[in-house]
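Got your viewer open? Load the model, show it as a cartoon with side chains ready to switch on, and follow along stop by stop.

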Amino acid sequence: MDTREIYGKIFDITNNNMLENDMELEYSKEAFLFSTECPVGKCDVLDMIELDNMSFMEATYAALFFRTADLGAYANWSKRKDMYTLDFRKRLINSISGSQEYLEKGAVLENNIYSNRSEANRLVSVGKMSDFTSANKALNRLYRIYKKLPAPLKKIAKKLIGA
């Protein structure tokens, strides 16, 4: 049994106990598992690309700040959870990366494909596709391929994209 499976079982047991007591955990299983796999204060955006909007938000807060979103932020992002994925993530990432907490803690967003800030922007050019939907689908496919690469090829791929 690997570490991810162990954490998954811990989450399931805890979640079941909470539900039996009419309570619920503050984040999804996917966000919890992501947060166990990355160092505190550092978040690789590409590793979260397959999460739904709310899990993406929860995982970002957990990875960067080692906490859940405060009630106001959670309510704000919950209202927007049905937004188009690219728009939701751009707003979230730009909001968080512009926050005082982000700056004070020296948090790091790696492979930040959603940032409006010039230092993090990387032009994503995918054939002749010009709309974000097609580009996002292509990025998802490329990321799935990347995840299957052996470690030495992953390092080369990261160097090629400037990460």
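## Start at Asn94

Select Asn94 and show its side chain, which reaches the backbone oxygen of Lys90 at 2.8 Å. Keep in mind as you click around that this is a predicted model. Now add Tyr114 to the selection: its backbone oxygen lies 3.3 Å from a polar atom of the Asn94 side chain. Asn94 itself belongs to helix H5. Is Asn94 buried or exposed? With a relative accessible area of 13%, Asn94 falls under the 20% cut-off, so it counts as buried.

## Just past the end of H5

Follow the chain to Ser99, which sits in the loop between helix H5 (85–97) and helix H6 (100–105). Show the Ser99 side chain and look for the backbone nitrogen of Tyr102, which the side chain reaches at 3.1 Å. Ser99 has a relative accessibility of 21%, and therefore counts as partly exposed.

## Zoom out

Time for the whole chain. Colour by secondary structure and you should find eight helices and two strands. Starting from the N terminus, the order of the elements is α-α-β-α-α-α-α-β-α-α. If you colour by accessibility instead, buried residues account for 36% of the 163 residues in the chain. And if you draw contacts between residues at least 6 apart in sequence, 58% of them join residues at least 24 apart.

## Asn53 and its company

Next, pick Asn53, found in helix H3 (residues 53–65). Its relative accessibility is 7%, so Asn53 counts as buried. Who touches Asn53, once neighbours within four places in sequence are left aside? Select Lys81, Met83, Thr85, Phe88 and Arg89 to see these contacts. For Met83, zoom in on the backbone oxygen, which lies 3.2 Å from a polar atom of the Asn53 side chain.

## H2 against H3

Stay with H3 and bring in helix H2 (residues 29–36). Helix pairs have a handy shorthand: two packed helices are described by the angle between their axes and the distance between the axes. For H2 and H3, the axes come within 8 Å and cross at roughly 30 degrees. That angle is why H2 counts as roughly parallel to H3. The crossing of H2 past H3 is right-handed. To light up the contact, select Glu30, Ala31, Phe34 and Ser35 on the H2 side, then Ser55, Glu58, Ala59, Ala62 and Ala63 on the H3 side. Colour these residues by type and you get five nonpolar, two polar and two charged.

## The inside of H2

Hide H3 for a moment and select the buried residues of H2, which are Ala31, Phe32, Leu33, Phe34 and Ser35. What do they pack against? Turn H3 back on, and add helix H1 (3–20) and strand E1 (42–44): these are the elements that the buried residues of H2 pack against.

## H1 against H2

Now keep H1 and H2 on screen. They pack at an angle of about 140 degrees, and their axes are 10 Å apart. The angle makes H1 oblique to H2. H1 passes H2 in a right-handed crossing. On H1, the residues to select are Arg4, Tyr7, Gly8, Phe11 and Asp12, and on H2 they are Lys29, Phe32, Leu33 and Thr36. By type, the residues of this contact comprise four nonpolar, two polar and three charged.

## Two positive phi angles

Finish with some backbone geometry. Most residues other than glycine have a negative phi, and most peptide bonds are trans. Select Phe66, in the loop between H3 and helix H4 (71–79). Phe66 is not a glycine, yet its phi is positive, at about 55 degrees. Phe66 has a relative accessibility of 63%, so it counts as exposed.

Then jump to Asn111, in the loop between strand E2 (108–110) and helix H7 (132–148). Asn111 has a positive phi too, near 50 degrees. Is Asn111 buried or exposed? Its relative accessible area is 6%, so Asn111 is buried.

How values were computed. Residues are numbered from 1 along each chain as its sequence is written. This is a predicted model: local features need pLDDT of at least 70, side-chain atom pairs count only at pLDDT 80 or more; totals for chains, interfaces and linings use all residues. Side-chain values use heavy atoms; hydrogens and water are left out. Helices (H or I, at least four residues) and strands (E, at least two) are DSSP runs, numbered from the N terminus. Buried means under 20% relative accessible area, exposed over 50%, partly exposed in between (1.4 Å probe, protein chains only). A polar contact is a pair of N or O atoms within 3.5 Å; within protein, one must be able to donate a hydrogen and the other to accept it, and residues adjacent in sequence count only if both atoms are side-chain atoms. Contact means heavy atoms within 4.5 Å. Axes are lines fitted to C-alpha atoms, for helices over the stretch in contact, and angles run from 0 to 180 degrees between N-to-C directions. Angles under 35 degrees count as roughly parallel, over 145 as roughly antiparallel, 65 to 115 as roughly perpendicular and the rest as oblique. A crossing is left-handed if the near helix is turned anticlockwise from the far one by less than a right angle, and right-handed if clockwise. Ala, Val, Leu, Ile, Met, Phe, Trp, Tyr, Cys and Pro count as nonpolar, Asp, Glu, Lys and Arg as charged, and the others, Gly among them, as polar.
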